[in-house]
Amino acid sequence: CLVAVPAALLLALGSVMVWSASSVYGASQFSDANLFIKRQLIFAAVGLAGVLVLQRIPLEVLRRLGWVMFLAAGALMCVPFVMGKRIKGNLNWIDFGPMLRLQPSEIAKIVIILWGATLFTSKRKTLDDPRHLLFPFLPGALLLIGLTVMQHDLGTSIIMGLIVVAMLWNVGASFKLLGGFAALIGAGVLALVVITPYRVQRILGFLDPTVDPTGINYQPSQAQFALASGGWWGVGLGYSRMKWGFLSEAHTDYILAITGEELGLVGTLSLLALFLVLVYGGFRVALRSNSFYARIVAAGITCWLAAQALVNGILPVVGVPLPLVSYGGSSLVTTLAGVGILLRCALEEPEAQAFLARRKQSQQPRGRLSAVVGVRRRRT
């Protein structure tokens with residue numbers, strides 16, 4: 001319940017907010033105010049089907065497929081360089097038509113977790129040795145991150161780097177090792193920012209919100225104004241002013257701002273509370289699971305969702321969607337896949353296994369009563 005209920009509520013709230021935030025843009029650009037919510041509901045249906053399937057697949061099957069998933073993700077990450085579609089400077093999409101686009105880097109996030117858990121499980125007794133801890137996990141993860149960087153997707157690269165740090169932390173890497181890797185990630189991000197002028201402007205604008213309020217800081221300023229104008233209870237669902245051309249990407253990167261404007265501080269805090277419950281439930285699953293693989297996978301998925309939600313709320317300029325809330329096909333489907341795997345990991349808890357054993361026993365067919373059992377009849 002601590003995983004399924006908050007995830008379902010976030011998905012429902014996100015669908016409502018996507019419908020509200022995208023209605024004006026859809027009507028003005030595509031002559032259909034409901035275009036994006038219809039697509040979002042299709043993505044949600046596909047993702048929920050994936051949840052039903054994944055929570056029934058034994059974790060041992062996922063563990064055995066770890067290397068297969070890594071190789072498939074690596075090959076898929078190379079496809080955009082051949083037949084990719086560039087959107088807003090990022091070459092990270094595979095275009096299959098007007099209704100279907102695939103972002104391989106979203107799949108790579110969850111693959112890093114599942115493949116890493118496979119490696120760490122097979123090396124469980126030698127993880128105290130940094131060589132066994134880092135190889136081949138770190139080179140393989142850096143390969144996927146490097147391909148994402150080459151596609152000019154800095155936001156997703158940051159999330160993948162945080163996932164790698166979280167996975168190492170989950171298996172007990174030393175703070176010295178984690179600090180060194182974090183410094184390496186920071187240096188890489190800084191180098192990517194410095195060599196790209198528009199990223200430098202974004203970072204400077206983030207550090208000083210008063211700089212260029214009609215240029216680089218226009219969107220962040222509008223987002224802050226949206227949150228401030230919502231007050232305690234908001235202006236009402238569907239009555240946002242910022243979505244009328246003042247705030248671009250209102251249904252993706254800035255959906256939290258529209259939520260705060262329409263539902264107020266109460267709605268924003270409710271959204272935050274749902275994420276906190278989901279994160280608590282994920283870590284509870286990780287701490288109580290009997291399986292080492294399940295613990296690593298559950299902790300990795302939980303850290304991924306928490307890091308992405310945190311980055312979206314603090315650094316909206318990097319273009320990272322809010323999990324289960326923002327509009328997006330690849331992001332929503334892979335996030336729901338992560339929730340489905342997290343629910344499967346929950347079945348490794350002792351209480352869950354005991355409950356399943358009792359239910360299985362109760363469903364066994366019982367023998368019929370013997371025909372020779374005497375029945376006392378009333379005299380007429």
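A residue is counted as buried when its relative accessible area is under 20%, and as exposed when that area is over 50%. By this criterion Lys109, at 1%, is buried. Glu106, with a relative accessibility of 2%, is likewise buried. The model analysed here is a predicted one.

In this model the side chains of Glu106 and Lys109 are joined by a salt bridge, with an N to O distance of 3.1 Å. Both residues belong to helix 6, which spans residues 104–122, and because they lie 3 residues apart, about one helical turn separates them. The pair is one of 7 salt bridges in the structure.

A second salt bridge links Arg64 to Glu60, and its closest N and O atoms are 3.1 Å apart. Here the two residues are 4 positions apart in helix 3 (residues 59–64), so that about one helical turn again lies between them. Arg64 is exposed, its relative accessible area being 63%, whereas Glu60 is partly exposed at 35% relative accessibility. The pair does not stand alone: Glu60, Arg63 and Arg64 are connected in a network of salt bridges.

Asp129 and Arg131 form a further salt bridge through their side chains, at an N to O distance of 2.9 Å. Asp129 is partly exposed, with a relative accessibility of 22%. Its partner Arg131 is exposed, with a relative accessible area of 65%.

Helix 6 also takes part in a helix packing. Helix 4, comprising residues 66–78, packs with helix 6 at an angle of about 155 degrees, and the two axes are 9 Å apart. Helix 4 is therefore roughly antiparallel to helix 6, since an angle over 145 degrees is counted as such. The crossing of helix 4 past helix 6 is left-handed.

On the helix 4 side, the contact involves Gly66, Trp67, Met69, Phe70, Ala73, Leu76 and Met77. These residues meet a set in helix 6 made up of Pro104, Ser105, Ile107, Ala108, Val111, Leu114, Trp115, Thr118 and Leu119. By residue class, the contact of helix 4 with helix 6 contains 13 nonpolar and 3 polar residues, and no charged ones.

Technical notes: Residues are numbered from 1 along each chain as its sequence is written. This is a predicted model: local features need pLDDT of at least 70, side-chain atom pairs count only at pLDDT 80 or more; totals for chains, interfaces and linings use all residues. Side-chain values use heavy atoms; hydrogens and water are left out. A salt bridge is a side-chain nitrogen of Lys or Arg within 4 Å of a carboxyl oxygen of Asp or Glu. Buried means under 20% relative accessible area, exposed over 50%, partly exposed in between (1.4 Å probe, protein chains only). Axes are lines fitted to C-alpha atoms, for helices over the stretch in contact, and angles run from 0 to 180 degrees between N-to-C directions. Angles under 35 degrees count as roughly parallel, over 145 as roughly antiparallel, 65 to 115 as roughly perpendicular and the rest as oblique. A crossing is left-handed if the near helix is turned anticlockwise from the far one by less than a right angle, and right-handed if clockwise. Contact means heavy atoms within 4.5 Å. Ala, Val, Leu, Ile, Met, Phe, Trp, Tyr, Cys and Pro count as nonpolar, Asp, Glu, Lys and Arg as charged, and the others, Gly among them, as polar.
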